[in-house]
Amino acid sequence: MQLLNIGFGNLVSADRLIAIVSPDAAPIKRLIQEARDRGTLIDASCGRKTKSVLVMDSDHVVLSSISTDTVSSRLNNREMENAADE
């Protein structure tokens, strides 16, 4: 299981990640509100502005204060490290 750093010491399973999206669009705001209502929202932004939303395969929605570009580059770097190890 590979863990992905999403800021402030918070980690998520990279294997269970479906999408990394920006929180600005109305459909994503609705997705966040629905997850909050269902109890499947995880706020890992530590009180800061949400810059990326991670959608997991378990129907959980994770909020992060790290930008989508930074999260995706961390994910790509991890994948490149794994490919080099094989």
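Let's start from the outside: the chain has an accessible surface of about 5300 Å², and 48% of that belongs to carbon and sulfur atoms. Accessible areas here come from the Shrake-Rupley method with a 1.4 Å probe, and for residues only the protein chains shown count as cover. Keep in mind that this is a predicted model, where local features need pLDDT of at least 70 and side-chain atom pairs count only at pLDDT 80 or more, while totals for chains, interfaces and linings use all residues. Residues are numbered from 1 along each chain as its sequence is written, and side-chain values use heavy atoms, with hydrogens and water left out.

Now for the overall layout. The chain has two helices and six strands, and reading along the sequence gives the pattern β-β-β-α-β-β-β-α. Helices (H or I, at least four residues) and strands (E, at least two) are DSSP runs, numbered from the N terminus. Taken along the principal axes, the C-alpha atoms fill a box of roughly 40 × 25 × 20 Å. The radius of gyration is 13 Å, which agrees with the value near 12 Å that a compact globule of 86 residues would have. That radius is taken over C-alpha atoms, and the globule rule is 2.2 Å times the number of residues to the power 0.38.

How much of the chain is buried? Of its 86 residues, 31% count as buried; buried means under 20% relative accessible area, exposed over 50%, and partly exposed in between (1.4 Å probe, protein chains only). As for contacts (heavy atoms within 4.5 Å), residues 24 or more positions apart account for 49% of those in the chain with a separation of 6 or more.

Next, look inside. A nonpolar core is a set of buried Ala, Val, Leu, Ile, Met, Phe, Trp, Tyr and Cys residues joined through side-chain atoms within 4.5 Å. The largest one has 12 residues in all, including Leu4, Ile6, Leu54, Met56, Ile66, Val71 and Leu75. Strand 1 (3-7), strand 5 (52-56) and helix 2 each supply at least two residues of this core. Apart from it lies another core, of six residues, among them Ile32, Val53, Val61 and Leu63. Back in the largest core, pick out Ile66: leaving aside residues up to four places away in sequence, Ile66 touches Ile6, Gly7, Lys51, Ser52, Val71 and Arg74.

Ser65 sits in the loop between strand 6 (61-64) and helix 2 (68-85). With 9% relative accessibility, Ser65 counts as buried. Beyond its neighbours within four places in sequence, Ser65 is in contact with Phe8, Ser45, Arg48, Lys49 and Lys51. One of these partners, Arg48, belongs to the loop between strand 4 (41-43) and strand 5 and is partly exposed at 47% relative accessibility. Arg48 and Ser65 are 17 residues apart in sequence, with their C-alpha atoms 6.0 Å apart in space. Arg48 also touches Phe8.

That loop between strand 4 and strand 5 holds Cys46 as well. Most residues other than glycine have a negative phi. Cys46, though not a glycine, has a positive phi of about 55 degrees. Asp59, in the loop between strand 5 and strand 6, has a positive phi of about 75 degrees and isn't a glycine either. Cys46 is partly exposed at 44% relative accessible area, while Asp59 counts as exposed at 52%.

What about charges? Side chains of opposite charge can pair when their charged atoms come close. A search of the whole structure finds one salt bridge, meaning a side-chain nitrogen of Lys or Arg within 4 Å of a carboxyl oxygen of Asp or Glu. Which residue does Asp57 form a salt bridge with? The partner is Arg16, with the closest N and O atoms 2.8 Å apart. Asp57 lies in the loop between strand 5 and strand 6 and Arg16 in the loop between strand 2 and strand 3, so the pair ties together parts that are 41 residues apart in sequence. Asp57 is partly exposed at 42% relative accessibility, and Arg16 is partly exposed at 41%.

Asp15 is also in the loop between strand 2 and strand 3 (17-21). Asp15 is exposed, with a relative accessible area of 54%, and beyond its neighbours within four places in sequence, Asp15 is in contact with Met1 and Gln2.
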